[in-house]
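Student: I should like to learn how to read a structural model step by step. May we begin with a backbone feature and then proceed to the ligand and the core?

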Amino acid sequence: MGGACTSQKKVEKEAGAAGPTIIVLFGPPGAGKGTVAPALIEKYGIPQLSTGDMLRAAVAAETEYGKAAKAKMESGALVDDSIVVGIIGERIMQPDCKPGYILDGFPRTVEQAKTLDEMLATKGQAIGSIVVLEVELSVLEERICGRWMHKASGRSFHTKFAPPKSLQDARAADPDVVPSADNMKDDETGEDLYQRADDTAEALTKRLEGYKSQTVPILEYYGESRQVKIDGGQPREQVIEAAKKIQLKS
Ligand code: AMP
């Protein structure tokens with residue numbers, strides 16, 4: 001979850017790496033960014049900064065940013081650069097970002113990538129690696145529409161691919177039970193799970209249009225040499241294993 005503090009117990013430093021470890025997590029909605037992030041947090045001891053999580057928190061708290069972002073987010077459109085750049089610019093100044101951070105959902109346009117590079121250059125820093133989750137776009141609707149989230153931790157579950165224990169229990173009693181707030185509970189805390197307002201087939205169409213036209217060009221901007229690829233089409237556990245084993249670019 002964006003802003004969460006990270007454990008410093010085991011931090012893997014890349015050989016020869018200088019300065020903070022700055023990783024961009026890249027992939028379409030539903031590619032598994034939320035699945036690999038915990039593995040990278042653990043491996044490098046740095047926080048995950050998710051602009052989507054930060055914006056959803058701003059919407060829930062009804063801040064000025066949140067009010068300006070709400071309708072665009074629900075429809076699947078991108079929020080204005082001035083808002084996201086402001087949010088991320090403040091966040092990377094926090095002390096827990098000193099050793100580095102994982103950017104999730106930012107940058108999302110070449111313009112944002114350029115602004116980020118300028119922001120980092122003033123501190124003598126630069127993006128290290130882009131972790132690219134490669135996945136066929138045709139699988140995303142099923143992934144997104146069955147996804148349920150735990151708000152406090154950012155943990156994600158899926159009615160088919162990763163059902164929480166509560167749904168498994170409900171299905172043991174009645175195989176035809178419909179997933180609902182009553183039987184979708186977080187495995188660790190038992191708290192309610194929820195479905196994101198933009199996790200609908202309709203909003204996904206718009207999110208994917210934005211991804212293809214505005215976000216994919218970022219890869220060319222950063223260049224092949226900084227990309228580390230993970231096959232996001234594999235089953236969840238294999239994606240996590242692949243994330244644990246990645247070698248960052250220095
Ligand atoms: P995500 O959780 O990354 O899928 O983001 C959810 C929504 O937040 C997106 O569909 C956008 O409306 C908004 N958002 C998140 N990050 C950005 C960004 N970098 N630029 C513009 N809008 C963003």
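Student: Which residue follows H2, and what is the sign of its phi?

Tutor: This is a predicted model. In it, H2 is followed by Glu62, and the phi of Glu62 is positive, near 55 degrees.

Student: How should I read the placement of a helix such as H2: how many of its residues are buried?

Tutor: The general idea concerns the repeat of the helix. An α-helix has 3.6 residues a turn, so residues three or four places apart point the same way. Turning to this case, H2 is largely enclosed by the rest of the structure, because seven of its 10 residues are buried. These are Thr51, Gly52, Asp53, Met54, Leu55, Ala58 and Val59.

Student: Which elements cover the buried residues of H2?

Tutor: The cover includes two strands, E2 (48-50) and E3 (100-104), and two helices, H3 (64-75) and H4 (81-91).

Student: What does H2 give to the shell around the ligand?

Tutor: Helix H2, residues 51-60, contributes four residues, the most of any element. In total, 16 residues surround the ligand, and the closest are Thr51, Ala77, Gly105, Gln112 and Arg196. Sorted by class, the shell holds seven nonpolar, five charged and four polar residues.

Student: Which atoms of Arg56, Ala77 and Arg108 lie close to oxygen atoms of the ligand?

Tutor: For Ala77, a backbone N or O atom is 2.6 Å from a ligand oxygen atom. Arg56 places a side-chain N or O atom 3.0 Å from an oxygen atom of the ligand. Likewise, a polar side-chain atom of Arg108 lies 3.0 Å from a ligand oxygen. Of the 480 Å² of accessible area that the ligand has on its own, the protein covers 96%.

Student: How many residues form the largest nonpolar core, and which have the most contacts inside it?

Tutor: As a general idea, nonpolar side chains in soluble globular proteins tend to be buried together. Here the largest nonpolar core has 30 residues, and those with the most contacts inside it are Leu49, Leu55, Tyr101, Leu103, Ile127 and Ile130. Elements that give two or more residues to this core include H2, H3, strand E1 (21-26) and helix H5 (110-121). H4 provides the largest share, five residues.

Student: Which residues does Leu103 touch?

Tutor: Leaving aside residues up to four places away in sequence, Leu103 touches Ile22, Ile23, Val24, Leu25, Leu49, Ile88, Leu116 and Ile127.

Definitions and conventions. Residues are numbered from 1 along each chain as its sequence is written. This is a predicted model: local features need pLDDT of at least 70, side-chain atom pairs count only at pLDDT 80 or more; totals for chains, interfaces and linings use all residues. Side-chain values use heavy atoms; hydrogens and water are left out. A residue is near a molecule or strand if one of its heavy atoms lies within 4 Å of it. A polar contact is a pair of N or O atoms within 3.5 Å; within protein, one must be able to donate a hydrogen and the other to accept it, and residues adjacent in sequence count only if both atoms are side-chain atoms. Accessible areas come from the Shrake-Rupley method with a 1.4 Å probe; for residues, only the protein chains shown count as cover. Ala, Val, Leu, Ile, Met, Phe, Trp, Tyr, Cys and Pro count as nonpolar, Asp, Glu, Lys and Arg as charged, and the others, Gly among them, as polar. Buried means under 20% relative accessible area, exposed over 50%, partly exposed in between (1.4 Å probe, protein chains only). Contact means heavy atoms within 4.5 Å. A nonpolar core is a set of buried Ala, Val, Leu, Ile, Met, Phe, Trp, Tyr and Cys residues joined through side-chain atoms within 4.5 Å.
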